[in-house]
Amino acid sequence: MIKKTLLMSFIVMLMISLGAGASAQDDIETYVLGVVLPFSGNLGTFGQDFARGVELAVSQVNAELEAAGSSIRFEIASADTENTPEGAARALQTVVQTTGAQVSVGPLTTSEVLGAKQFADENGIVIVAPASSGAAGAIPGDNIYRVIYPPDVFASKAYANIALERGHENMVVLHLDDPFGNGMNEGFTANFQAGGGGEVASFAYTPGATELSSEAAAVSAALAGFGDNAGFFCVCFLSGAQAFLQVAQIDPILTSVQWMGNEAMTAAEILADSGHAQTLANADFITVSFSSESTPLTQIFVDDFTAMFDKAPGIFTNYAFDAANIAMLTMLAAGNDGAAVKSMLPFIANHYIGTAVQAFLDENGDQAIASYGLYMVSDDLSAFDEVGAYNGNTDTITYK
Amino acid sequence: MPLLELKNIRKDYGGLRAVDDVSLHVPEGAIIGLIGPNGSGKSTLINLIAGSTDLSAGRIVFDCEDISDFSSDQIFRRGIARGYQEPSLYFKMTALDNVLLPVKGQLGEHPWYAPWRRYWQAQEEAHAVSAIEVLEQVRLLQHYDTLASDLSGGQMKLLEIARALMGRPKLLLLDEPTAGVAPNLAYEIFQQIGRLRDDHGITFLIVEHRLEILFDFVDYVYVMHLGNLLAEGGADDIAAHETVREVYFGD
Amino acid sequence: MPTALLVTSVVNTIQIGSLYALMALGITLTFSVIRLPNFAHAEYVTVGAFAALIVSLSGEVNPLVIMTAAFVVGALAALVSHLAVFKPLEGRNVSLYTLILSSFAVGLILRYILFMIADYFDLFDTRIRIPLQIIYREGALILTNVFAWVAPTSIVLVILLTTLLNGTPLGREMRALANNIGLARVIGIPVERVKNYTWVLVGGLAGVAGALWGLQTAVSPLMGWVAILSVFAAAILGGLSSFSGTILGAYVVAFSENTVMLFLNFNFGVDLAYKPAIPFFIIIVVLLIRPQGFTELFNRGRDLQR
């Protein structure tokens, strides 16, 4: 009985999909836009929201194309990177080999992007990465374009400047053991010491770790060893930040020094725990976050997104929307061909103003406009307030 | 109506016919011997009755019920318990635990109740009392707290019988209860068997090689040879039976 | 190594080791009684954590209610995976490898169901909101309310499980199954029922472990899977058959991951990112040098040996 039901539903599905194929007009040309993002794993929420951003962009572009009488339509082919480098390579390969996609929005993190890089470079597939920023991804001439979010060479410098400005003689860093975390740690250490800073003790933790009590104990011991005027810098993803805060909030040494940390630690989930929020507030926690200036499109994007998905877009979701638009505009200009898209993408990107900020690509194909905001926990612990700005292009910090 | 009746039992292992068209019956309250040279099909017959092996043909009727297609635990529940040639015990448990294991309907068996000792303690004590009684019946009482692995060969056999008794069986199948047991203890085992029949009315079907002891206790004997029933009769008749002497004793 | 670091790491060892013990005992129990090295065990932990999380989100809830919910849901997950997958497979007499692979598959299915639930209810990176408080402080020794929940609850449950196994009719039957399942059938032990009960216990305890684990970290569909290697290392140290060995194994693994790791880091600069390699290392060393683990160190009569 069950077998029969399954068989029937399979046949129905088959008929529907065949029917859908048949109803498509013969003279319509379909361009496939790959969406390679982590739908599972620790960053699954981000991946799913990013995919919705792409979906919105595609539906808008398709509507415009139809209204204009164009024969081109975009179609999405997505695959799950499982938030690992190998998974990203596999996902990109799957999308390319099953649909012939030439361009992919995503992967998300630098380690995923680097995992997919070899396949992309060898097969002429263009990766438009919406949020990867790790310094290790800044490579000239490759097929990876990081069109919105500037590389961490700027942010690591900003953090070093803040540490020096705060009078920290020595620093302890806890960072993810992946290209993003390692790159941030190296960049920070180099800049901190070049600016006259002393020792930097770094501790790496494995991505995906759910429990960081040893790491917190080690950080605490290292801070104790440095004595006064030491500061702490945390580079992690959200789950790591939560695991760390859970143990750090009762550590007498960690709660007596000043903290800095990457923007994953500013997520709403952190502030939802009053203990965590209070810990960050007491530690003068400051983060340097790429500031997406409001453009006329920003609010329109939020409204459209909310209308389409019945929920507000998550943090950074508009970057995926912008990346998808840049990818599609380039494909409309250059055609559905990886090499042509690669050649034309910087030109299109540099002439694009989306929901976040103007894109302007450097020789690595990365965003060169490096304007950041500085954020700290508000007095009522309810939000992160912008307390200043960092201009990476001029290397200057200004406080409000 | 006999307690157990085998009707034209057959068992094939591939091309080999281990039991060929055997019919026998075991009256209630009797001690029946089943003898024959090695490989004559005795143990296979025991396995067939206990449900450890499936029949190829024939029927088995126990207590007016056809149990031919029953599984071993169904058969056990109908009242047929068995002992093994090699003692099959839980060697890492005490003698008492071994005897308590087969008890039905234990309250402390349920995970909800098991943590609340008060709930099942009274029942467990009652079970322990009957277990102690059973151990006493087979003269193992002083060993109740001994690990089964520390018992002697004969004591292990007795413990097996004791465990079988806990299930209040009507019929006990014993496969060489004296194998590997010292001669004096072997006689004692049969004395226990006799007592259990006399006091509790338990029926026995016993495979045994030590005929000199067996013949002192049995009511009736079946002789198997090459899967067939060769002869049957009282102990004296069988001892005098010429063909039996030929195949069995080689004279 | 400074004293403060030592003290903190030992406190962590006790807290994490107790949780490992709770999870590893379940693995030892399934391996002994059911004869299945069950990799889906990780997911019963996660399922319990999610149950605890969802209950805790409904407002101020007594932690005991949270634990009970986690037990029930974890037990249900285990029982369903037994009845729907493992029991039918055992009925077909498949090989051990098939069973192991199917346990991976069951785990994967459960994990992705949890991903779907987490996505639907927007539960990613959410915490069970019991505010952390310091309840005892003496020099470097700091004990929190989470510690006060996790360590005693785990230890009490471990003791309860051990007494259950050694002192109750159910435990007697479970030990019988572990020793000789064929004989258990013949002498009339209700084998299938005891197996079901074992799954209920195993799943329930894993669920509670998940709830306790969720008290100290964010609940995510991957949390059980991340811990499973350490937990298996503990069970393997116990020879997959000894209760006392498994408990000792759990604390040894936790001690290596915390105190030993920090000692190596502080004195020899070994990177903390090598922490996940420790259970691997333990498993390989045990399997190569002492496959029976700690089994023979303890009273053999009380263990779940064959």
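So, pLDDT is the predictor's confidence in each residue, from 0 to 100. I start there as this is a predicted model: local features need pLDDT of at least 70, side-chain atom pairs count only at pLDDT 80 or more, and totals for chains, interfaces and linings use all residues. Residues are numbered from 1 along each chain as its sequence is written, and chains are lettered from A and ligands numbered from 1 in the order in which they are written.

Let's take chain B. Its average pLDDT is 86, and 98% of the residues score at least 70. I'll be talking about helices and strands a lot, and those are DSSP runs numbered from the N terminus (H or I, at least four residues, for helices; E, at least two, for strands). Which element of chain B has the lowest mean pLDDT? That's helix 9, residues 242-249, at 75, while strand 8, residues 203-207, has the highest at 93. Where pLDDT is low, the predicted coordinates should not be read in detail.

Strand 8 of chain B also has a partner: strand 7 of chain B pairs with it in the parallel sense over 5 bridges. By pairing I mean that DSSP finds at least two bridges between two strands. If you want to find that pair on screen, look for L171(B), whose bridge partner in strand 8 is T203(B). Strand 7 of chain B pairs with strand 6 (residues 80-83) too, again parallel, over 4 bridges. There, A81(B) has L172(B) as its bridge partner.

Why do we call strand 7 of chain B largely enclosed by the rest of the structure? Because 5 of the 5 residues in that strand, 171-175, are buried. Buried here means 20 or more other C-beta atoms within 10 Å of the residue's own; exposed is 12 or fewer, partly exposed is in between, and the C-beta atoms are placed from the backbone. L171(B), L173(B) and D175(B) point one way from the strand, L172(B) and L174(B) point the other way, and all are buried. Yes, that list includes an aspartate, D175(B).

Okay, on to how the chains touch. Two residues are in contact if their C-beta atoms, placed from the backbone, lie within 7 Å. Between chain B and chain C, the contact takes 24 residues from B and 23 from C. On the chain B side, helix 2 (72-78), helix 3 (95-100) and helix 4 (117-137) each supply at least two residues. Helix 2 of chain B gives the most, with 4 residues. By class, that side of chain B has 11 nonpolar, 6 polar and 7 charged residues. For the classes, Ala, Val, Leu, Ile, Met, Phe, Trp, Tyr, Cys and Pro count as nonpolar, Asp, Glu, Lys and Arg as charged, and the others, Gly among them, as polar.

Chain A touches chain C as well, with 33 residues of A in contact with 38 of C. Elements giving two or more residues on the A side include helix 2 (44-67), strand 7 (200-205) and helix 7 (213-226). Helix 7 of chain A gives the most, with 7 residues. That side of chain A divides into 11 nonpolar, 17 polar and 5 charged residues.

Now inside chain A. The domain assignment, which is automatic or from a database, gives domain 1 (28-148 + 294-350) and domain 2 (153-291 + 371-399). Their C-alpha centres lie 30 Å apart. The contact takes 11 residues from domain 1 and 10 from domain 2. The domain 1 side of it has 6 nonpolar, 5 polar and no charged residues.

There's a sheet in chain A, too: 5 strands form an open sheet in the order 2-1-3-4-5, with parallel pairing. Strand 2 (72-80) and strand 5 (144-145) stand at the edges with a single partner strand each, so one side of each has no neighbour in the sheet. Strand 5 of chain A pairs with strand 4 (residues 126-128) over 2 bridges, and V128(A) stands opposite Y145(A) there.

Last stop, helix 11 of chain A, residues 296-309. Its 14 residues reach 21 Å from first C-alpha to last, close to the expected 20 Å (1.5 Å times one less than the number of residues). Just after the helix, D310(A) takes a positive phi of about 60 degrees. V302(A) is found in this helix and is partly exposed, because 15 other C-beta atoms lie within 10 Å. Leaving aside residues up to four places away in sequence, V302(A) touches A312(A) and P313(A).
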